[in-house]
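Please find below a short note on the model, written as numbered points. It deals with the ligand site and then with the aromatic rings.

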Amino acid sequence: MSEEDDLDLNSLDDEELTQQMHDDLYDGLKEEIEEGVHILLNRGWAPYKVLTEALVEGMRIVGIDFRDGILFVPEVLLAANAMKAGMAILRPLLAETGAPKVGKMVVGTVKGDIHDIGKNLVAMMMEGAGFEVINIGINNPVENYLEALDEHEPDILGMSALLTTTMPYMKVVIDTLKEKGVRDDYIVLVGGAPLNEEFAQAIGADAYCRDAAVAVETAKEFMNRKHNRLASA
Ligand code: B1M
């Protein structure tokens, strides 16, 4: 066992611990990430702060080295696994809200794409903000979206894509909704690292959401508009 294995995470101050968690995420050390999350929570950190400063920031660093060919798929999968373990601890804490549901969202990653960390984070944050969220997972063909929309009748359809090759599929879904004459029944929000405002506009979405916090704000804003419209009708 190396010296590093013996490291007592509790003995580190907050800054050292977050740095260590970035390293542990990079190394895919699930148990250490779980321990780190618990320690920060016990020290009074808000769940959202743990999420953004310890986990999301760690994954950002992983992303850079993946891009630069320093990390490869197996290592990134381990990092993703560790990230998800940390998120699983935070999820119930972020979702703790006694407030009445402010709206309903169906969210899923598009066909051909298996990235789900960002989409799951959006789902968690939306739940935390009082939305009911139906998360339909990854690799969704248009039929899955249609089925979920029929079954759950949400206010919002959220789509995620992390690849430049899969983002055009969002247009397939929106065009299908148009063909069926139901496009305007939903607020369509899209997100994912390669997207931008122009793309969202070009495919006919209602808005592009840069991150989970923006997704929550945007969803709330559109729900307010919807309520005002209904009230004045
Ligand atoms: Co992939 N991958 N990956 N990968 N992967 C990227 C996306 C990439 C940018 C890495 C790189 O080269 N720098 C690159 C895409 C390049 C491109 O298309 N331009 C890439 C590639 C190439 C690939 C493969 C093709 C690699 C290969 O096989 N050779 C392959 C494709 C598999 C497939 O999908 N068919 C692949 C596989 C994988 C893993 C399986 C190893 C793993 C995914 C594990 C998992 O998700 N369960 C993985 C990972 C982890 C990444 C990176 C490193 C991290 C993604 C992530 O989780 N980020 C990523 C690098 C990067 O993005 N910089 C990369 C953290 C997350 C919190 O952020 O997902 O952006 P993000 O979500 C944010 C916002 O985007 C937004 O809010 C979120 C939270 O703030 N958002 C939404 C996202 N979805 C939203 C939906 C909304 C609203 C907002 O709806 C309303």
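The points below take up the ligand, its surroundings and the ring contacts in turn.

1. The model is predicted, and the remarks that follow should be read as remarks on a prediction.

2. Placement of the ligand. The ligand sits in the largest pocket. The elements that each supply two or more residues to the shell around the ligand are helix 3 (47-67), helix 4 (73-95), helix 5 (117-128), strand 3 (156-160) and strand 4 (187-191). Helix 4 makes the biggest contribution of residues to this shell, giving 5.

3. Make-up of the shell. The ligand is surrounded by 32 residues. Of the shell residues, 17 are nonpolar, 9 are polar and 6 are charged. The closest residues to the ligand are Arg67, Ile114, His115, Asp116 and Ser160.

4. Polar contacts to the ligand. Two side chains approach nitrogen atoms of the ligand: a polar atom of the His115 side chain is 2.8 Å from a ligand nitrogen, and a polar atom of the Ser160 side chain is 2.7 Å from a ligand nitrogen. At Ala212 the contact is made by the backbone, with an N or O atom 3.1 Å from a ligand oxygen.

5. Aromatic rings. How many aromatic pairs does the structure hold? The count is 0.

6. Charges over rings. Lys49 is placed over the face of Trp45, with 4.5 Å to the ring centre. At Phe222, the ring has the charged end of Arg225 over it, at 4.5 Å from the ring centre.

Terms used:
Residues are numbered from 1 along each chain as its sequence is written. This is a predicted model: local features need pLDDT of at least 70, side-chain atom pairs count only at pLDDT 80 or more; totals for chains, interfaces and linings use all residues. Side-chain values use heavy atoms; hydrogens and water are left out. A residue is near a molecule or strand if one of its heavy atoms lies within 4 Å of it. A polar contact is a pair of N or O atoms within 3.5 Å; within protein, one must be able to donate a hydrogen and the other to accept it, and residues adjacent in sequence count only if both atoms are side-chain atoms. On a 1 Å grid over the protein atoms alone, a cavity is a set of points where a 1.4 Å probe fits but cannot get out, and a pocket is an open set with protein on both sides within 12 Å along at least five of seven lines; lining residues have an atom within 4 Å of a point. A molecule sits in a cavity or pocket if more than half of its atoms lie within 2 Å of its grid points. Helices (H or I, at least four residues) and strands (E, at least two) are DSSP runs, numbered from the N terminus. Ala, Val, Leu, Ile, Met, Phe, Trp, Tyr, Cys and Pro count as nonpolar, Asp, Glu, Lys and Arg as charged, and the others, Gly among them, as polar. Rings of Phe, Tyr and Trp (its six-membered ring) pair if their centres lie within 6.5 Å; planes under 30 degrees apart count as stacked, over 60 as edge-to-face and the rest as tilted. A charge sits over a ring if NZ of Lys or CZ of Arg is within 6 Å of the ring centre and within 35 degrees of the ring normal.
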